[in-house]
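Subject: Structure handed over, with notes on what was found

Dear colleague,

Please find below the structure that I promised to pass on to you. My notes come after it, and I would be glad if you read them with the structure open beside you.

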Amino acid sequence: MKSFDLQVKNVSKSFGEKAVLKGIDVFIKDGQFVTLLGPSGCGKTTLLRIIAGFEKADAGEVILSGEVISNKSPAHRPINTVFQSYALFPHLNVFNNIAFGLKSHKVPKDEIEKRVNAMMEMVNITDLKNEMPATLSGGQKQRVALARALVNEPDILLLDEPLSALDANLRKKLQVELKEVQKKTDTTFIMVTHDQDEAIAVSDRVLVMYQGAIVQDGTPEDVYEHPVNRFVATFMGECNILESERIADKLAKVAFGELVLEKDPQWAATTEGANAGKCCGGIAIRMEDIHVCTPNESFENNVFDARILERIFRGDYWELIAELPGVGNAESLKLRVMTDPDEIYNPGDNVKLYMEPQYLQVLDD
């Protein structure tokens, strides 16, 4: 059975003086749900358009099933795209919108009927068969656009910010449906988004992009729990970054004391300023991974005194702003901490915070 693996090989692209993609290398296995995640201007949409054939790379190749397709037009690539704007034909009803590609390829009428009906059932729009696009909600339009792209049985489906125009509740609902459709069809999905929650919810694999490069490639869990640098740590959710200095194996000094680490920091020695000659770098810890100790709890390491400055109700958790006094000449440091709704701490309370070594992520920068 043929495998529709995709390889993007050393792809670069510039617009004028600006380098948008810088030698991108990535291999996407057939049947994966992969998300290109990053802020505006990172190059993710340009990479998607190069895969689709809407943009031509300055250098490098796009290879599908072992065949170089870089010079093929979009119409001659077995790849379909779902656009942010849906791009439905306003003069055609739902059935004929979905059937458009099949009719263009002169598929027999009974085959069209069968495939369109099956696809409408898969995306839960059977009852909209005769509706016109103007009468549809945003979520319904998105389902029609998805069905229209998938009914042609592409090797790869590209999705350009497919849910960004929808409200938060509907977006979460369609995230689940999108993942279900991808599993049912076993089609490779490559999605572009700047929404971290969306990427985590639907993807088998997340490619985090920044300034024209892929800076981290991994499962949603790996990228969230083990960020490689400061950008990924802060872009993938709320995160405290601790400036630190390596003082021994698996031991680092921060403003409020010494941290025992699970991973030995391998920072390069600095060459300038007060820290010249010292190995300094960043350590990340997410606010949900900082534990507020109860009076009867005791830990051997990584327990620090703190004072609560502020608490913010976030619905399903409290966010605390805690101040930890500096050691020696170091200034005090403020950290963000998450607690359960039934754990009530008030401004002015003195507490002890515990940071488990496995949750302290040593960053590359």
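The notes below go from the whole chain to two helices, and then to a pocket and a cavity.

Please keep in mind throughout that this is a predicted model. The protein chain has eight helices and 20 strands, and its C-alpha atoms fill a box of roughly 80 × 50 × 40 Å when this is taken along the principal axes. Of its 365 residues, 45% count as buried, and the accessible surface comes to about 18200 Å², with 49% of that area belonging to carbon and sulfur atoms. Among the contacts in the chain with a separation of 6 or more, 64% are made by residues 24 or more positions apart.

Two of the helices may be worth your time. Helix α1, which covers residues 44–52, is mostly covered, since seven of its nine residues are buried; these are Lys44, Thr46, Leu47, Leu48, Ile50, Ile51 and Ala52. The residue that follows α1 is Gly53, and its phi is positive, near 100°.

Helix α5 runs over residues 168–185, and its 18 residues should span 26 Å at 1.5 Å a residue, which agrees with the 26 Å that separates its end C-alpha atoms. The buried residues of α5 include nonpolar ones such as Leu174, Leu178 and Val181, but Arg171, Gln175, Glu177, Lys179 and Gln182 are buried there as well. Their cover includes the strands β3 (33–37), β7 (156–160) and β8 (188–193), together with the helices α3 (109–122), α4 (138–150) and α6 (196–202).

Where is the largest pocket, and what lines it? The largest pocket holds about 640 Å³ of space, and of the 26 residues that line it, Ile79, Asn80, Thr81, Gly101 and Asn152 are the closest to its centre. At least two residues of this lining come from each of β6, α2 (94–104) and α4, and by class the lining is made up of 16 nonpolar, six polar and four charged residues.

One of those central residues, Ile79, can be followed further. Ile79 lies in strand β6, which covers residues 79–82, and it counts as buried because its relative accessibility is 6%, where the cut-off for buried is under 20%. Leaving aside the neighbours within four places in sequence, Ile79 is in contact with Ile51, Ala52, Leu64, Ile69, Pro154, Ile156 and Leu158; of these partners, Ile51 and Ala52 are buried residues of α1. The C-alpha atom of Ile79 is also 9.0 Å from that of Ala149, although the two residues are 70 residues apart along the chain.

Last comes the enclosed space. A search of the whole structure finds one cavity of 30 Å³ or more, and the largest cavity contains about 50 Å³ of space. Its lining consists of Tyr224, Glu225, Pro227, Cys239, Ala284, Ile285, Arg286, Asp289, Tyr359 and Gln361. The elements that give two or more residues to this lining are α7 (220–225) and β14 (280–286), and β14 gives the most, with three residues. By class, the lining of the cavity has six nonpolar, one polar and three charged residues.

With best wishes

How values were computed
Residues are numbered from 1 along each chain as its sequence is written. This is a predicted model: local features need pLDDT of at least 70, side-chain atom pairs count only at pLDDT 80 or more; totals for chains, interfaces and linings use all residues. Side-chain values use heavy atoms; hydrogens and water are left out. On a 1 Å grid over the protein atoms alone, a cavity is a set of points where a 1.4 Å probe fits but cannot get out, and a pocket is an open set with protein on both sides within 12 Å along at least five of seven lines; lining residues have an atom within 4 Å of a point. Grid points are joined across faces, edges and corners, and a volume is the space filled by probe spheres set on the points. Helices (H or I, at least four residues) and strands (E, at least two) are DSSP runs, numbered from the N terminus. Buried means under 20% relative accessible area, exposed over 50%, partly exposed in between (1.4 Å probe, protein chains only). Contact means heavy atoms within 4.5 Å. Accessible areas come from the Shrake-Rupley method with a 1.4 Å probe; for residues, only the protein chains shown count as cover. The expected span of a helix is 1.5 Å times one less than its number of residues.
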